[in-house]
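Biologist: Please take a close look at one part of this model, a pair of packed helices, and then at the strand that comes before them in the sequence. A single connected account would suit me.

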Amino acid sequence: MKKFLAMILAGVLALSLAACGKSDKTSAGSSESDLEYVKNKGTLVVGITDFAPMDYKDDNGNWIGFDADMAAAFAESLGVKVEFVEITWDNKLMELKGKTIDCVWNGMTLTEDVVSAMECTKPYCNNQQIVIVKKENADKIKDKDSLKDLGWTYAVESKSAGNEVANELGLKVTEVTAQSDALMEVAGGTSDAAIIDSLMAAAMVGEGTSYENLTYTVGLNDEKYGVGFRKGSDLAEELNKFFKASYDDGSMKTCAEKYGVQAALIEQ
């Protein structure tokens, strides 16, 4: 009897192990790469912020800009539709990991934190962080070493490259949700200056813009833009190939000229 029970228990154990093995194998077999995931669902969801000339809305409410147009072209090359989701920059990594977006494509500076947390493309644009002030205050800034001595408050986008460089210089900052909000802080007089991307400054500050009373002054660093995917994603290398092909056939340069960023473009 004991021998019979032992045989039954051994059989049950064997079936249980087989079931577990089958379950594990099915789970592993159902896993897919990011490229397959995007193709299967038929959309590339791109996380962006309102950031001219890279991503912004036209008069009809459609997202346009150098990054937006390139993202749409990349999605088309994959055979899927593009979908733009406006995110809070502070939450970009959480959005990626939670799969509410598939990439961050928004003039994103390739900082050490970004590169360590995301699968990033090769850089495609040069940029720098630049200080924006009211025109009447421009002559008060001599160089970046003089910024702290002024005792000013600098508006910066939270968790941005501008925020990072301001902290490195020991500046007093006011963190805001978006770089466009930083400009509003200066224009409204609630902050003395803003630190934003030079490409955005060229598009939004000065004569012929909504901020004619503002001007840009000293550059604080040199940096490069890239696109970020989930860590380990094969979409990053797929986009590198697309960038190379687009640069070689001239379409990337044409898009850059359309939005006035051709001088910042990096050869692929």
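Modeller: The model is a predicted one. Helix H9 (residues 235-249) packs against helix H10 (residues 251-258) at an angle of about 80°, and their axes lie 4 Å apart. Angles of 65 to 115 degrees count as roughly perpendicular, so H9 and H10 are roughly perpendicular to each other. On the H9 side, the contact is made by Phe-243, Ser-246, Tyr-247 and Asp-249. H10 contributes Ser-251, Met-252 and Lys-253. Sorted by class, the contact of H9 with H10 holds 3 nonpolar, 2 polar and 2 charged residues.

Now the strand. E13 spans residues 223-229 and is mostly covered, with 6 of its 7 residues buried. Three pairings of E13 can be described, beginning with E5. Strand E5 (residues 103-109) runs antiparallel to E13 and is joined to it by 4 bridges. Within this part of the model, Thr-109 has Tyr-225 of E13 as its bridge partner. Strand E7 (residues 125-127) also pairs with E13 in the antiparallel sense, over 3 bridges. There, Cys-125 is bridged to Tyr-225 in E13. Tyr-225 is thus named as bridge partner for both Thr-109 and Cys-125. Strand E6 (residues 119-120) pairs with E13 as well, with 2 bridges and an antiparallel sense. For Glu-119, the bridge partner in E13 is Phe-229.

How values were computed:
Residues are numbered from 1 along each chain as its sequence is written. This is a predicted model: local features need pLDDT of at least 70, side-chain atom pairs count only at pLDDT 80 or more; totals for chains, interfaces and linings use all residues. Side-chain values use heavy atoms; hydrogens and water are left out. Buried means under 20% relative accessible area, exposed over 50%, partly exposed in between (1.4 Å probe, protein chains only). Two strands pair if DSSP finds at least two bridges between them. Axes are lines fitted to C-alpha atoms, for helices over the stretch in contact, and angles run from 0 to 180 degrees between N-to-C directions. Angles under 35 degrees count as roughly parallel, over 145 as roughly antiparallel, 65 to 115 as roughly perpendicular and the rest as oblique. Contact means heavy atoms within 4.5 Å. Ala, Val, Leu, Ile, Met, Phe, Trp, Tyr, Cys and Pro count as nonpolar, Asp, Glu, Lys and Arg as charged, and the others, Gly among them, as polar.
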